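Here is a short, friendly walk through a protein model for anyone who thinks best at the bench. Take a moment to turn the structure around before reading on.

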Amino acid sequence: MNVLSPVIERLEMDEARLKANWSLPREDARFLYLLARLGRFQRMLEVGTSIGYSTLHLALAASHHHGHVTTIDASTARQAQAAEHLGEARLSEVVTLLSGDALSVLASLRDQGQSYDFIFLDARKSEYVAYLAYAEQMLPAGAVLLADNTRSHREQMADFIERITVSPAWETSDLDTPNGFLLARRTEAA
Ligand SMILES: C[S@@+](CC[C@H](N)C(=O)[O-])C[C@H]1O[C@@H](n2cnc3c(N)ncnc32)[C@H](O)[C@@H]1O
């Protein structure tokens, strides 16, 4: 596997730290990077920064096509570590870190009229259905949503998976990656 960035490589040398902070498995992170790179998403929103391992992958992809990443986490301590890593990778300008409870921050972004072409969900699994409602208000037709943990936390995500899979507002694919991803495209249906 190619080295994407020395900062990512260094983080990957401390597997215990990545695991302790619920970071994506390496293979899933590479998928996230490639998806963002191929999709050339301009305005990305991540729910669940932790120490910034996934954010580094999104930011690196964004840096190739002048995109931007906004990322939310309730933990200021973990986000401070993410800020440090992004700084080391010279990617700080590509990322806006928002600290706070995801549901409050999402409501505020929605109320500001923000819209995105890509949303990555990786926070509290029991809240995914609520995150989905915000995503539906902030993603136009053609935009993409990726939700983590469909293999590792499938039961906790059952309502979300059921809802998005049957909805005419989404075209979906359940991906069998290490943690499991639900990949979805917003359709033209309201
Ligand atoms: C699985 S980790 C994110 C891992 C990160 N995406 C990565 O792969 O490097 C989940 C993060 O979501 C945050 N989180 C969980 N529930 C949240 C909530 N309701 N609002 C904001 N952040 C939340 C936690 O603080 C934690 O840092």
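The report below goes from the sheet to a helix and its core, then to the ligand and to one loop residue.

**The sheet**

Please keep in mind that this is a predicted model. Its 7 strands make an open sheet with mixed pairing, and their order is 3-2-1-4-5-7-6. Strand 3 (95–99) and strand 6 (170–175) are the edge strands, each of them pairing on one side only. From one strand to the next, the twist averages 15°. As background, strands in a sheet pair through backbone hydrogen bonds, in either a parallel or an antiparallel way. Strand 2 (residues 68–73) takes the parallel sense with strand 3, and the two share 5 bridges. If you would like one pair to look for, isoleucine 72 has leucine 98 in strand 3 as its bridge partner.

Here are some elements to locate on your screen:

| Element | Residues |
|---|---|
| Strand 1 | 43–47 |
| Strand 4 | 118–121 |
| Helix 4 | 53–63 |
| Strand 5 | 144–148 |
| Helix 8 | 158–166 |

**Helix 4 and the core**

Helix 4 lies across strand 1, strand 2, strand 3 and strand 4, and runs at about 165° to strand 2. The largest nonpolar core has 54 residues, and those touching the most other members are Leu32, Ala36, Met44, Leu56, Leu58, Ala59 and Ile119. Helix 4 gives this core its largest share, 7 residues. Leucine 32 is a good place to zoom in: leaving out residues up to four places away in sequence, leucine 32 touches Leu24, Ser54, His57, Leu58, Phe120 and Leu146.

**Around the ligand**

Which residues come nearest to the ligand? Among the 18 residues around the ligand, they are Trp22, Gly48, Tyr53, Ser54 and Ala102. The shell is made up of 7 nonpolar, 5 polar and 6 charged residues. Helix 4 and strand 2 each contribute at least two residues to the shell.

**A loop residue: serine 152**

Serine 152 sits in the loop between strand 5 and helix 8. Is serine 152 buried or partly exposed? Serine 152 counts as partly exposed because 16 other C-beta atoms lie within 10 Å, whereas a buried residue would need 20 or more. Beyond its neighbours within four places in sequence, serine 152 is in contact with Asn179 and Gly180. Threonine 177 is 25 residues from serine 152 in sequence, and their C-alpha atoms are 9.9 Å apart in space.

Key
Residues are numbered from 1 along each chain as its sequence is written. This is a predicted model: local features need pLDDT of at least 70, side-chain atom pairs count only at pLDDT 80 or more; totals for chains, interfaces and linings use all residues. Two strands pair if DSSP finds at least two bridges between them. Helices (H or I, at least four residues) and strands (E, at least two) are DSSP runs, numbered from the N terminus. Axes are lines fitted to C-alpha atoms, for helices over the stretch in contact, and angles run from 0 to 180 degrees between N-to-C directions. Two residues are in contact if their C-beta atoms, placed from the backbone, lie within 7 Å. A residue is near a molecule or strand if its C-beta atom, placed from the backbone, lies within 6 Å of it. Ala, Val, Leu, Ile, Met, Phe, Trp, Tyr, Cys and Pro count as nonpolar, Asp, Glu, Lys and Arg as charged, and the others, Gly among them, as polar. A nonpolar core is a set of buried Ala, Val, Leu, Ile, Met, Phe, Trp, Tyr and Cys residues joined through C-beta atoms within 7 Å. A residue is buried if 20 or more other C-beta atoms lie within 10 Å of its own, exposed if 12 or fewer, and partly exposed in between; C-beta atoms are placed from the backbone.
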